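User: Could you walk me through this model? I'd like to start with the surface and then work inwards.

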Amino acid sequence: MTSFLKNNENPLKYVNIIPAGKSHIHIRNKKVCLDCENKPCTYYCPARVFFWEVNEIKILFERCIECGACPWGCPRENIDWVYPPGGYGVKYEV
Ligand code: SF4
Ligand code: SF4
């Protein structure tokens, strides 16, 4: 994967996330992804949640920063996304 970050710095280095026990992000139909040109979910997600491996999209839901972009960015409307259950997910502190 091409990185836009210097020295492959982890973009979540300063983000506090409490992962739930199961994913809040799901692919509706994995077959649809096979012929999806450029697989844009693998680069528009700011937290690099999605990646392509062994002919399917894999989801690192633990990295999600809840920006809400993934259902809108998928050209095939193939992503189901909801907020993580209460008490889990990203913690934005001031
Ligand atoms: S953008 Fe949508 S259809 Fe394309 S690979 Fe990602 S989830 Fe699948
Ligand atoms: S909500 Fe945002 S950060 Fe979370 S998976 Fe979707 S695009 Fe990535």
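User: How much area does the protein chain expose, and what share do carbon and sulfur atoms supply?

Analyst: The protein chain exposes about 6700 Å², of which carbon and sulfur atoms supply 54%; accessible areas here come from the Shrake-Rupley method with a 1.4 Å probe, and for residues only the protein chains shown count as cover. Please keep in mind that this is a predicted model, in which local features need pLDDT of at least 70 and side-chain atom pairs count only at pLDDT 80 or more, while totals for chains, interfaces and linings use all residues. Side-chain values use heavy atoms, with hydrogens and water left out, residues are numbered from 1 along each chain as its sequence is written, and chains are lettered from A and ligands numbered from 1 in the order in which they are written.

User: What pattern does the chain follow along the sequence?

Analyst: The pattern is β-β-α-α-β-β-α-β-β, with three helices and six strands in the protein chain; helices (H or I, at least four residues) and strands (E, at least two) are DSSP runs numbered from the N terminus. The radius of gyration is 14 Å, close to the 12 Å that the globule rule gives for 94 residues, so the chain is as compact as a globular protein of that length. That radius is taken over C-alpha atoms, and the globule rule is 2.2 Å times the number of residues to the power 0.38.

User: Moving inwards, which residues touch the most other members of the largest nonpolar core?

Analyst: They are Ile 25, Val 49, Phe 50, Ile 57 and Ile 79, out of 18 residues in that core. Strands β2 (25-27) and β5 (79-81) each supply at least two residues of this core. A nonpolar core is a set of buried Ala, Val, Leu, Ile, Met, Phe, Trp, Tyr and Cys residues joined through side-chain atoms within 4.5 Å, where buried means under 20% relative accessible area, exposed over 50%, and partly exposed in between (1.4 Å probe, protein chains only).

User: And Cys 64, is that buried or exposed?

Analyst: Cys 64 counts as buried because its relative accessibility is 10%, and it lies in the loop between β4 and α3 (70-73). Leaving aside neighbours within four places in sequence, Cys 64 is in contact (heavy atoms within 4.5 Å) with Ile 17, His 24, Ile 25, Val 49, Trp 81 and Val 90.

User: Switching topic: how many salt bridges are there?

Analyst: The count comes to five, a salt bridge being a side-chain nitrogen of Lys or Arg within 4 Å of a carboxyl oxygen of Asp or Glu. In one of them Asp 80 pairs with Arg 28, with the closest N and O atoms 2.7 Å apart. That pair links distant parts of the chain, since Asp 80 is in strand β5 and Arg 28 is in the loop between β2 and α1 (30-34), 52 residues apart.

User: Which residues are linked in a network?

Analyst: Lys 30, Glu 53, Glu 56 and Lys 58 are linked through salt bridges. Within that network, the closest N and O atoms are 3.5 Å apart for Glu 56 and Lys 30, and 3.9 Å apart for Lys 58 and Glu 56.

User: What stands opposite Lys 58?

Analyst: Phe 51 stands opposite Lys 58 in β4. Strand β3 (residues 50-53) runs antiparallel to strand β4 (residues 56-59), and four bridges join them; two strands pair if DSSP finds at least two bridges between them. The two strands form a hairpin with two residues between them, and Val 54 in the turn has a positive phi of about 50°.
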